[in-house]
Structures are given as structure tokens and as C-alpha cells.
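Hi,

Here is the structure I promised to pass on. Have a look at it first, and then read on for what I found.

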Amino acid sequence: MVWTEHANINFVFVDEMSLGKIRVGFTVGAGHWSSIGKDCELVASDQYTMNLDPLDINEDTLDQPDFRKTVLRQFGHVLGRIPEHQQP
């Protein structure tokens, strides 16, 4: 994961959704979005804190720069990076 190369973090994958602090959904038509930083802790444990819309995910797009950028951006937000339009 690229973020682990640039920040003092690591990811532990768990099998039960309620145990994860970052919970990634793949809801069709919901777009790409994520909670920002510690806001994830305010989301009920049975709800996602991020969504990557499967409409944009297929074998042809997995290696595309735009898709990679989208995934990195969403993980950045969930790790606390404020979106561009919310910068002071």
C-alpha cells in the first residue's frame, strides 16, 4: 500500500467488518467517497467508512492512472487528508 511508504502507518486486514476502523464498501452507483480521518469512529460499525464504486472498477481500469489516483485519494481522506475543496 503506497500510504505505508510515506506515513508511519500500517494496515491490518480483518475478516469481520465490525472490527475494522476503515470499512470499504463497493456499492454500485454510490460513487467514490470516504469519511475524513477520525470521523470514521463516528460511523456505526455495520456501516462503511469508504466506498469505491464498482462501476469504475473492472479488469481494464485496475491499472489505469486515474483509478489508482482515485483509490489513493479516498484512502488519503480516510487517513485524515482534507479534500481540496475543504482546504482553508
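Among the contacts in the protein chain with a separation of 6 or more, 63% join residues that are 24 or more positions apart. Please keep in mind that this is a predicted model.

The protein chain has two helices and three strands, and along the sequence they follow the pattern α-β-β-β-α. Of its 88 residues, 24% count as buried. The accessible surface comes to about 6400 Å², and carbon and sulfur atoms hold 53% of that.

I spent most of my time on helix α2, which covers residues 65-78. With 14 residues at 1.5 Å each, helix α2 should span 20 Å, and its end C-alpha atoms are indeed 20 Å apart, so the two values agree. Its buried residues are Phe67, Thr70, Val71, Gln74, Phe75, Gly76, His77 and Val78. What do they pack against? Their partners are α1 (2-6), β1 (24-25), β2 (33-34) and β3 (50-51). Just after α2, glycine 80 has a positive phi of about 120°.

One residue to click on is phenylalanine 75, which lies in helix α2. Phenylalanine 75 counts as buried because its relative accessibility is 14%, and the cut-off for buried is under 20%. Leaving out residues up to four places away in sequence, phenylalanine 75 touches Met1, Trp3, Phe11, Ile22, Val24 and Met50. Take valine 24 from that list: phenylalanine 75 and valine 24 are 51 residues apart in sequence, while their C-alpha atoms are 9.7 Å apart in space.

Best wishes

Note on methods:
Residues are numbered from 1 along each chain as its sequence is written. This is a predicted model: local features need pLDDT of at least 70, side-chain atom pairs count only at pLDDT 80 or more; totals for chains, interfaces and linings use all residues. Side-chain values use heavy atoms; hydrogens and water are left out. Helices (H or I, at least four residues) and strands (E, at least two) are DSSP runs, numbered from the N terminus. Buried means under 20% relative accessible area, exposed over 50%, partly exposed in between (1.4 Å probe, protein chains only). Contact means heavy atoms within 4.5 Å. Accessible areas come from the Shrake-Rupley method with a 1.4 Å probe; for residues, only the protein chains shown count as cover. The expected span of a helix is 1.5 Å times one less than its number of residues.
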